[in-house]
Amino acid sequence: MTARLLSGPALNLGAEPYDAHRQRLGALPGKAERAGLIPAIEAAGLLGRGGAGFPVGRKWASVAGRSKGQAIVLANGAEGEPMSMKDRVLMATRPHLVLDGVELAADAVGAKKAVLYIGSEHAGARVAMEAALRERPRVVDTRIVTPPVSYAAGEESAAVRFVNKGDPRPVTVPPRPFEKGIDGKPTLVQNVESLANAALIARYGAAWFREAGRAETRGTALVTVSGVTTPGVLEVELGTTLADLAAWTGGTASVGSPVLLGGYFGSWVAGPDAWQMPLDPAALRARGLAFGCGVVGFMGDSACGVAATARIMDYMAGSSAAQCGPCVYGLRAVADATARVATFAAHPDDLRRLRGWTESLVGRGACRLPDGTVGLLRSALTVFETDWAAHTAQRRCQVRA
Amino acid sequence: MNARRPFMDSGFRIEIDRTVCDAYGTCAELLPELITLDEWGYPIIAAGNIPEPLLNHARQAVESCPIVALRLAKVPTPQAETRPDRQTGVPPWPPRPPQQTPRKSMPRKR
């Protein structure tokens, strides 16, 4: 474990006050040094931490290039992923690091206004961010917007639509928010952890940032670990293995048990090999996996992967914003078929149709909800292959026999 | 002959606003070569650009949509090679033929 974002006072003490924050980390660099911030972020290789992993420096540069002093920064703390806790923990304990990042981003992209977009269920985070805003000098005109509880509300086009029109549903892109976002202005939608990292790079530089990391992608990341003795949010070096994470959090029943990596938009992985692979965005991509928003869910030996997948499919079908037909009908069909398999009531062609949907529903929505959902299903059909077969053919569960 | 743009390629593709599409299915009827319907009646559009011989059918399919969920979009062609080389100022060789303009007016803008 490597504390950078979360260094300082113990997390159970709550939000770090502005004075303590400034004393610990020092003031933000002045205007002259800030001019080099975008190149520094690019040199650091910082990837976005909201799930998509887009290079942060490149995003800032494309907004800055269109801004004409009119851009808007949206700090994304919607955190609608049910298995993720890291954004709310960061906002509730290190609010000023996030606000430093907002201030720097506004400066770098030429924005005078910012929106803190905080999921309405994250009351602790919102209270901490509100208090932090009152504590510090008002450099950027910042307001807090709280979207309703919804998986899709955190998607960037949905975030912009909610701020503009009070409707948290994704929009067909292009134009993307960096071209035309809040009030029609170029908008930087950036996850709060990414912004907090930018605040550290601004103070200590790209070389310092790159000192952490055990594999190709450098730096640390916040991860949310569940299914272990002491679940919670940790800050780890990228490239840490699942085996390390399990060891640091009190361990699980057995090594190599299935892990849900990346949350409901992620993939199942299993086996001792998987436990040894580095949690490094580049290495994961090479295996067809994604680091996503840093969710690591260990599954106990007594849990059934088919049943767990069926629950997730049902959640995702219920999370559809109900705009695109293939998502509305496709995800419901996926959820119903997986539920039938999980309850030993599969129709003869359910497995074949599920496999077909893992291909045919990709790219069929305005946002990537169908893609993420069938991506997880595809991994489940592989990792739990014998379980699906037993549930359908023998109508029994190998795990909960 | 321009290697990057074979004559079969119209330089257009079909774009769909899936939040608008309501599974009327007229597009698939008029352009079965490129559009099929899934089990719920929503279109599956073949990847890639529209072949030149199908462009008129594609235009009809786009215009047939009762709720204007489809549009023809010009696919940007890479322009890099048409610019003079940054260091030497020498234009690329062979020069590109002039861009073809679409024969008909563009579909209504949504």
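**Exercise 1. Find the loop that holds Pro174(A), then look for cis peptide bonds there.**

Solution. Start with the loop: Pro174(A) sits between α8 (156-165) and β4 (187-191) of chain A. Helices (H or I, at least four residues) and strands (E, at least two) are DSSP runs, numbered from the N terminus. Next, check the bond from Val173(A) to Pro174(A): this peptide bond is cis, with omega about -5°. Then move along to Pro175(A), which lies in the loop between α8 and β4 of chain A. The bond joining Pro174(A) to Pro175(A) is cis too, with omega near 0°.

Before going on, a word on the model and its numbering. This is a predicted model, in which local features need pLDDT of at least 70 and side-chain atom pairs count only at pLDDT 80 or more, while totals for chains, interfaces and linings use all residues. Residues are numbered from 1 along each chain as its sequence is written, and chains are lettered from A and ligands numbered from 1 in the order in which they are written.

**Exercise 2. Work out where Lys68(A) lies and whether it is buried or exposed.**

Solution. First locate Lys68(A): the loop between α4 (56-67) and β1 (71-77) of chain A contains it. Its phi is near 50°, a positive value in a residue other than glycine. Now count neighbours, using these cut-offs: a residue is buried if 20 or more other C-beta atoms lie within 10 Å of its own, exposed if 12 or fewer, and partly exposed in between, with C-beta atoms placed from the backbone. Lys68(A) has 10 other C-beta atoms within 10 Å, so Lys68(A) is exposed.

**Exercise 3. Do likewise for Glu79(A): is this residue buried or exposed?**

Solution. Glu79(A) belongs to the loop between β1 and α5 of chain A. Though not a glycine, Glu79(A) has a positive phi of about 40°. Glu79(A) counts as buried because 28 C-beta neighbours fall inside 10 Å.

**Exercise 4. Lay out the open sheet of chain A and find its edge strands.**

Solution. Read off the strand order: five strands are arranged as β6-β5-β9-β7-β8 (chain A), with mixed pairing. Two strands pair if DSSP finds at least two bridges between them. The edges are β6 (232-237) and β8 (267-269) of chain A, each of which pairs on one side only. Inside the sheet, β5 (residues 220-226) and β9 (residues 295-298) of chain A run parallel and are joined by three bridges. In one of these pairings, Thr224(A) has Val295(A) in β9(A) as its bridge partner.

**Exercise 5. Which residues touch the most other members of the largest nonpolar core?**

Solution. Begin with the rule: a nonpolar core is a set of buried Ala, Val, Leu, Ile, Met, Phe, Trp, Tyr and Cys residues joined through C-beta atoms within 7 Å. The largest core has 130 residues, and Val73(A), Leu74(A), Ala105(A), Val109(A) and Val334(A) touch the most other members. Helix α6 (residues 95-109) of chain A gives this core its largest share, nine residues. Finally, follow Ala105(A): setting aside neighbours within four places in sequence, its contacts (C-beta atoms, placed from the backbone, within 7 Å) include Trp60(A), Val73(A) and Leu188(A).

How values were computed. Contact = placed C-beta atoms within 7 Å.
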